[in-house]
Amino acid sequence: AGVGASGRAPGLTATHRELLLEESTANEQTIAMWRLMLCLIAAVQVVVTASFHSDRMTSTDWAGLTVVFGAVLYSCALFVLISHERYATWLSYVGVGLDITLISGTLSMMAVTGHGLVALNNPLSLPLYLLAIALAGLRYNPRVTVFATLLAVVEYTILLIYVIRTEPVGD
């Protein structure tokens, strides 16, 4: 059963709504924990890479470093907020929106620093988009999943148009 505009699942008793709310809250906390762990792992990887190649850091490396540390900060903020807040629908939209935008933002940084084709053909981008969309399903709100899907399509389309307009056409 989906969640209605009022935030309530139609046709469910108060007990079932309460159980669904508890499960949604637990899933939101689990997603926040995994998001934070993945961002911290990425941050460690970027720092280690940067420390070994600090003499030849490129603009792409600096952009990646900025994105990863921004992601760690937002992950920490969302984790704290979700840990202290009861499930709220707006929090699901914010979390999913930031997850999708983080993926698109990372690809955009690659495109802006001159690696547009690499950004479009990145072997990790599709699995990451699909993971973010799949995790949206754990919120038990189909609207959040549709929002995540549409946001990913729109952001990737914008990236595609940017790369088509800025990349030189080869023979």
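Reading helix packing in a predicted model

Me: Where should one begin with helices α5 and α6, and how close do their axes come?
Reply: The axes of α5 and α6 come within 8 Å and cross at roughly 160°. The model is a predicted one.

Me: What does that angle say about the relative direction of α5 and α6?
Reply: Angles over 145 degrees count as roughly antiparallel. The two helices α5 and α6 are therefore roughly antiparallel to each other, and their crossing is right-handed. On the α5 side the contact is made by Y129, I133, A136 and G137; α6 contributes V144, T145, A148, T149, A152 and Y156.

Me: How does one check the length of helix α5, and what span should its residues have?
Reply: One compares an expected span with the distance between the end C-alpha atoms. Helix α5 comprises 13 residues, 125-137, which at 1.5 Å a residue should span 18 Å. Its end C-alpha atoms are 19 Å apart, which agrees.

Me: Which residues of α5 are buried?
Reply: Buried means under 20% relative accessible area. In α5 this applies to S125, Y129, A132, I133 and A136. Seen down the helix axis, these buried residues fall within an arc of 95°, so they line one face of α5.

Me: Which helices do the buried residues of α5 pack against?
Reply: They pack against α3 (89-112), α4 (116-120) and α6 (142-166).

Me: How are α3 and α6 arranged with respect to each other, parallel or antiparallel?
Reply: The angle is again the place to start. The axes of α3 and α6 come within 10 Å and cross at roughly 15°. Helices α3 and α6 are therefore roughly parallel to each other, and this crossing is right-handed. The contact involves many residues, including S92, Y93, V96 and G97 of α3 and R143, V144, F147 and A148 of α6.

Me: How does one read a single residue such as R35: is R35 buried or exposed?
Reply: One consults its relative accessibility and then its contacts. R35 is found in helix α1, residues 14-52. Its relative accessibility is 7%, so R35 counts as buried. Leaving aside residues up to four places away in sequence, R35 touches Y74, S75, L78, G95, D99 and R139.

Me: How many helices and strands does the chain contain?
Reply: The chain has six helices and zero strands, and along the sequence it follows the pattern α-α-α-α-α-α.

Me: What percentage of the chain counts as buried?
Reply: Of its 171 residues, 33% count as buried. As for contacts with a separation of 6 or more, residues 24 or more positions apart account for 72% of them.

Key:
Residues are numbered from 1 along each chain as its sequence is written. This is a predicted model: local features need pLDDT of at least 70, side-chain atom pairs count only at pLDDT 80 or more; totals for chains, interfaces and linings use all residues. Side-chain values use heavy atoms; hydrogens and water are left out. Helices (H or I, at least four residues) and strands (E, at least two) are DSSP runs, numbered from the N terminus. The expected span of a helix is 1.5 Å times one less than its number of residues. Buried means under 20% relative accessible area, exposed over 50%, partly exposed in between (1.4 Å probe, protein chains only). The arc is that of the directions from the helix axis to the C-beta atoms. Contact means heavy atoms within 4.5 Å. Axes are lines fitted to C-alpha atoms, for helices over the stretch in contact, and angles run from 0 to 180 degrees between N-to-C directions. Angles under 35 degrees count as roughly parallel, over 145 as roughly antiparallel, 65 to 115 as roughly perpendicular and the rest as oblique. A crossing is left-handed if the near helix is turned anticlockwise from the far one by less than a right angle, and right-handed if clockwise.
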